[in-house]
Number of protein chains: 2
Amino acid sequence: MQAQVQLTLMSTSFPDEASRRLLRDLAHSLPMALLRTREAVVQRFREVLSRYGLTEQQWRILRALDGREGLEISLLAEECRILLPSMTGILKRMEARGLILRQASVADGRKVRVALTEEAKALVAQIKPEVVQVYVEIERILGRNKLEQLYALLEELEQGLASSA
Amino acid sequence: MQAQVQLTLMSTSFPDEASRRLLRDLAHSLPMALLRTREAVVQRFREVLSRYGLTEQQWRILRALDGREGLEISLLAEECRILLPSMTGILKRMEARGLILRQASVADGRKVRVALTEEAKALVAQIKPEVVQVYVEIERILGRNKLEQLYALLEELEQGLASSA
DNA sequence: CTGAGATAGTTAATATATTAAGTAAAAGAC
DNA sequence: GTCTTTTACTTAATATATTAACTATCTCAG
């Protein structure tokens, strides 16, 4: 079965319908499509964030912590989809800049909670409206319905891949 | 107008309908949704590619060069959505491993064309069927219609953002 | 020609991503 | 209560992303 697929793929002369469609899908390339669109979207946000000396990842962390008391690093990492080794460095830089505070847990010596400083909260409040404007533009481009549709499809695929893992 | 939005966003007590929807969209976070889905998709491909000691980026380059005589580095970079400074390092590693060849252009001393070695072509032929199987699974999860729908929405948003840049 | 720009790539510096190891504290097994 | 395993992070090593600066051509106006 696997060998069959390989064979038809390697002989490009007379591919049957099935492998022709697979090849077209391959040309589509879902990772590339997701990358290109994400790149285009993120660029808009980056234009805003870079004026404040923030990276996209730092903004994700600011957004996740905003309006909360604090969060364990692991939970924060999970929510922001940033791996722990990356978090270590990012939080170090954010702490050095005075955007976050760390406090070790008394109950569990391994856990560390991080929270926004007042300065960071003010920064988030200042940036948020500009970020909202980017969303407004995106919705203007795609329309509210299609945007919701896109969210739904992305979610469905993510969940499907996760559950069949 | 901008100040208006900011004001409603900062008073979380009684947000009106518009800002409430904007905040929900913000919680959605399109970059995060694209990231999460892409992460889930790419992980499947990475399981295959890592067995061959390839990164996702290197695979994009292999795929782009496969079946062609060669390509200028700039064009390759554009097609693979990899920035030139990154390309320099990636191509260096791929050349060291014997996957690509470089040849300076005679017509234009600045340009460099890269092409796959025979070894690389054989590697691509070997890996391709496994990659196709990942696509088969993705299509099984989402269904062909929804998958095409997803591609279309991603494309439309990307184009929209590009043209309104 | 010739000098001002534009192009193709690389180098440099900093920030993240990814995988593997390592460390310290906590939870469980016995 | 020790011993093993798990958990929460950090460190290390390598690969890539991003922005800026630099080099060697090339192009083209004058």
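## Two protein chains and two DNA strands

A:Arg36 and B:Glu158 are joined by a salt bridge in which the closest N and O atoms stand 3.2 Å apart, the term being used for a side-chain nitrogen of Lys or Arg within 4 Å of a carboxyl oxygen of Asp or Glu. This is a predicted model, in which local features need pLDDT of at least 70 and side-chain atom pairs count only at pLDDT 80 or more, while totals for chains, interfaces and linings use all residues. Residues are numbered from 1 along each chain as its sequence is written, chains are lettered from A and ligands numbered from 1 in the order in which they are written, and side-chain values use heavy atoms, with hydrogens and water left out.

The pair just named belongs to the interface of chain B and chain A, where the count is six salt bridges. On the chain B side, the elements that each give two or more residues are α1 (2-10), α2 (17-28), α3 (30-50), α4 (56-65), α5 (73-80), α7 (118-142) and α8 (144-163); helices here are DSSP runs (H or I, at least four residues), numbered from the N terminus. By class, that side of chain B has 34 nonpolar, 10 polar and 22 charged residues, where Ala, Val, Leu, Ile, Met, Phe, Trp, Tyr, Cys and Pro count as nonpolar, Asp, Glu, Lys and Arg as charged, and the others, Gly among them, as polar.

In terms of extent, 66 residues of chain B are in contact with 66 residues of chain A, contact meaning heavy atoms within 4.5 Å. The area buried between the two chains is about 6,600 Å², and carbon and sulfur atoms give 68% of that area; buried area is the accessible area (1.4 Å probe) that two parts lose on being put together, summed over both. How are the two chains related? A rotation of 180° with 0.0 Å of shift along its axis superposes chain B on chain A, with an RMSD of 0.0 Å, and that is the relation of a two-fold axis; the superposition is by least squares on the C-alpha atoms of residues with pLDDT of at least 70 in both copies. Because 100% of the interface residues of chain B are also interface residues in chain A, the copies meet through the same surface.

We turn next to the DNA. Around DNA strand C there are 24 residues, of which A:Thr55, A:Gln57, A:Arg93, B:Ser74 and B:Arg102 come nearest; a residue is near a strand if one of its heavy atoms lies within 4 Å of it. Sugar and phosphate account for 77% of the atoms of DNA strand C that come within 4 Å of the protein. The side chain of A:Gln57 has an N or O atom 2.7 Å from a sugar or linking oxygen of this strand, whereas the side chain of B:Arg110 places an N or O atom 2.9 Å from a base oxygen of DNA strand C.

Around DNA strand D there are 23 residues, and those that come nearest are A:Ser74, A:Val112, B:Gln57, B:Arg93 and B:Gly109. A phosphate oxygen of DNA strand D is 2.6 Å from an N or O atom in the side chain of A:Ser74, and a phosphate oxygen of this strand is 2.4 Å from a polar backbone atom of A:Val112. A base oxygen of DNA strand D, in turn, lies 2.9 Å from a polar side-chain atom of A:Arg110.

Definitions and conventions
Polar contact = N/O pair within 3.5 Å; in protein donor to acceptor, adjacent residues only side chain to side chain.
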